[in-house]
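Visitor: I would like a close look at one part of this protein. Please show me the model before I ask.

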Amino acid sequence: MKTSALTTGATARAWIGLGANLGARDAALRQAVRAIAALPGTQVLHVSSLYRSAPVDAGGPDYLNAVAEIATPLDAHALLAALQAIEQGAGRERPYRNAPRTLDLDILLYGNQCIATPQLTVPHPRMHERAFVLLPLAELAPEQVSPAALQAVSGQTIDLHHGPAWLNAT
Ligand code: AMP
């Protein structure tokens, strides 16, 4: 992938939401973290525990979700393109909205930037509605998740599936 023209020259801190509800879900998430770490100049700084929750506004198997904190020189749109390529590599298909998925990667936060373009909205527009985003994000960046936000999603059923060591499982 040619990305050299798409970097900002600075390194940004970003938080990525990872989810999967088809196939070997935890293996797909581990592979996604490895693929993110292999992006040009990019470091995975922290990865949350793994959570399990029922799909929101959709059917299908339960999701496994986590959040990764990264440092990257890619600008936000280049990062989105790179994450979409990783989704494609995991066999992601988009037959209809909210369809079950082998891998879903969302940019939750990109530094403190607010972005609104046809391709990208940051902060992610639905992150504050979702326990499966806020709980793992609060593990890594508690200052980004207010107690009121956590309270607002406290009625959603979500289980801690595995602590942070999930990343090292084979
Ligand atoms: P999804 O079905 O959840 O994978 O949605 C992907 C679509 O959302 C793509 O067309 C993206 O361009 C768009 N999108 C808008 N904002 C974001 C974001 N913050 N992170 C990931 N995708 C985004």
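Which residues of helix 2 are buried?

Guide: A word of caution comes with the answer, since this is a predicted model. The buried residues of helix 2 are Ala-76, Ala-78, Leu-79, Leu-80, Ala-82, Leu-83, Ile-86 and Glu-87.

Start with the helix itself. Helix 2 covers residues 76-89, which makes 14 residues. From first C-alpha to last it reaches 20 Å, close to the 20 Å expected at 1.5 Å a residue. Just after the helix, Gly-91 takes a positive phi of about 85 degrees.

Now follow two of the buried leucines. Take Leu-79 to begin with. The largest nonpolar core has 44 residues, and Leu-79 is one of those with the most contacts inside it. The others named with it are Ile-16, Ala-32, Val-67, Ile-107 and Leu-108. Helix 2 is among the elements that give two or more residues to this core. So are strand 1 (7-20), helix 1 (25-37), strand 3 (50-53), strand 4 (63-74), strand 5 and helix 3 (131-140).

Leu-108 gives a view of how the core is connected. Leave aside its neighbours within four places in sequence. Leu-108 is then in contact with Trp-15, Ile-16, Gly-17, Val-67, Pro-123, His-124, Met-127, Val-133 and Leu-137. Pro-123 lies in the loop between strand 7 and helix 3. A cis peptide bond joins Val-122 to Pro-123, with omega about -5 degrees.

Next, take Leu-80. Leu-80 is one of the residues that surround the ligand. The rest of that shell is Asp-104, Asp-106, Ile-107, Gln-119, Leu-120, Thr-121, Val-122 and His-124. Two elements give two or more residues to the shell: strand 5 (104-110) and strand 7 (121-122). Strand 5 has the largest share, three residues. By class, the shell holds four nonpolar, three polar and two charged residues. Some names recur here. Ile-107 is in the ligand shell and is also listed among the core residues with the most contacts. His-124 is in the shell and also touches Leu-108.

Helix 1 also feeds the core, and it can be set beside helix 2. Helix 1 has 13 residues and reaches 19 Å from first C-alpha to last, close to the 18 Å expected at 1.5 Å a residue. Its buried residues are Arg-25, Ala-28, Leu-29, Arg-30, Ala-32 and Ile-36. Ala-32 appears again among the core residues with the most contacts.

His-46 offers another setting. His-46 lies in strand 2 (residues 43-47). It is partly exposed, with 13 other C-beta atoms within 10 Å. Not counting residues up to four places away in sequence, His-46 touches Glu-69 and Leu-140. His-46 and Asp-106, a residue of the ligand shell, are 60 residues apart in sequence and 16 Å apart in space, C-alpha to C-alpha.

Step back to the whole chain. It has four helices and eight strands. From the N terminus on, the elements run β-α-β-β-β-α-β-β-β-α-α-β. The radius of gyration is 15 Å, close to the 15 Å that the globule rule gives for 170 residues, so the chain is as compact as a globular protein of that length. Along the principal axes, the C-alpha atoms fill a box of roughly 45 × 35 × 35 Å. Of the 170 residues, 35% count as buried. Among contacts between residues at least 6 apart in sequence, 72% join residues at least 24 apart.

Key
Residues numbered from 1 in each chain as written. Predicted model: local features only at pLDDT ≥ 70, side-chain atom pairs only at ≥ 80, totals over all residues. Near = placed C-beta within 6 Å. Nonpolar A, V, L, I, M, F, W, Y, C, P; charged D, E, K, R; others polar. Rg over C-alpha atoms; globule rule 2.2 N^0.38 Å. Buried ≥ 20, exposed ≤ 12 C-beta atoms within 10 Å, placed from the backbone. Contact = placed C-beta atoms within 7 Å. Expected span 1.5 Å × (residues − 1). Core = buried A, V, L, I, M, F, W, Y, C linked by C-beta atoms within 7 Å.
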